[in-house]
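Colleague: Could you take me on a close look at the sheet in this model? I'd love to hear how it is put together and which charged side chains pair up on it.

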Amino acid sequence: MVTGPADDTLRTPEREPALERLAVVDLADLLLLALIRRRASGVVVEPVEDDRAAVRFEVGGALTSVASLPAAHADALVARFAILARLPLGLGSEQIGRLRVRTATGEVELLVALRATARGLIGELRRIVGPAVAATPAAEASADETVQIGPYRLNGELGRGGMGVVYLAEQERP
């Protein structure tokens, strides 16, 4: 269950240093809560300079920067999202998984994508909306129907187990 303060504004000059002092677990919870409260369709954490990474929310198709973090802190944050989505770390390839977040008002399901680059880890969380939340999207699609979640087109199911379903997906746009 994700809980946090009523005011989830992240980016203010006085708060950014405080974000850097937060434990990664707490920062991950804060970002998930802010994503849900702002009704954002996604959050992206990616390196932008050698020593800094940007945290951006996607709302209405536009990315808005909400914080800047030291690169090492951002890598740890992306790793935390991978752990929450039960993705193995250190494989060096793109990985996609799912994460269900429970709040006091309900559940939100997210698609978690991560990849390693020369500058650091990139993590994307995309809200899964509509009937895909309650069912397995790729399994319900007919042979000629395409399932789209955010910028990802699901090409099929790779496997399933007690922890969830893993899909093969292709990124349609950056």
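Modeller: Happy to! Let's begin with one facing pair: R56 stands opposite S65, which belongs to strand 3. Strands here are DSSP runs of E with at least two residues, while helices are H or I runs of at least four, both numbered from the N terminus. Please keep in mind that this is a predicted model, in which local features need pLDDT of at least 70 and side-chain atom pairs count only at pLDDT 80 or more, while totals for chains, interfaces and linings use all residues. Residues are numbered from 1 along each chain as its sequence is written, and side-chain values use heavy atoms, leaving out hydrogens and water.

Strand 2 and strand 3 pair in the antiparallel sense over eight bridges; pairing asks for at least two DSSP bridges between two strands. They form a hairpin with two residues between them, and G60 in the turn has a positive phi of about 60°.

Stepping back, the open sheet has six strands in the order 3-2-1-6-5-4, with antiparallel pairing. At its edges are strand 3 (62-70) and strand 4, each pairing on one side only. From one strand to the next, the twist averages 20°. Across strands 1 to 6 lies helix 3 (residues 71-84), running at about 115° to strand 3. That angle is taken between N-to-C directions on a scale from 0 to 180 degrees, with axes as lines fitted to C-alpha atoms, for helices over the stretch in contact.

Now for strand 5 and strand 6 (residues 120-128), which run antiparallel and are joined by nine bridges. One facing pair there is V112 and L125, the latter in strand 6. E124 also has its place in strand 6. With a relative accessible area of 5%, E124 is buried; buried means under 20%, exposed over 50% and partly exposed in between, using a 1.4 Å probe and protein chains only. Leaving aside residues up to four places away in sequence, E124 touches V43, V44, L111, V112, A113, R115, Y152 and Q171, a contact being heavy atoms within 4.5 Å.

On to the charges. Side chains of opposite charge can pair when their charged atoms come close. The structure holds six salt bridges, each defined by a side-chain nitrogen of Lys or Arg within 4 Å of a carboxyl oxygen of Asp or Glu. E124 forms one with R126, where the closest N and O atoms are 2.9 Å apart, and both of these residues are buried. E124 forms another with R115, at 3.4 Å between the closest N and O atoms. R115 counts as partly exposed, at 21% relative accessibility. A network of salt bridges links E58, R115, E124 and R126.

Elsewhere on the sheet, the side chains of E109 and R98 meet in a salt bridge of 2.3 Å, N to O. E109 lies in strand 5 (residues 106-117) and R98 in strand 4 (residues 95-103), so this pair ties together parts that are eleven residues apart in sequence. E109 is buried too, with a relative accessible area of 4%.
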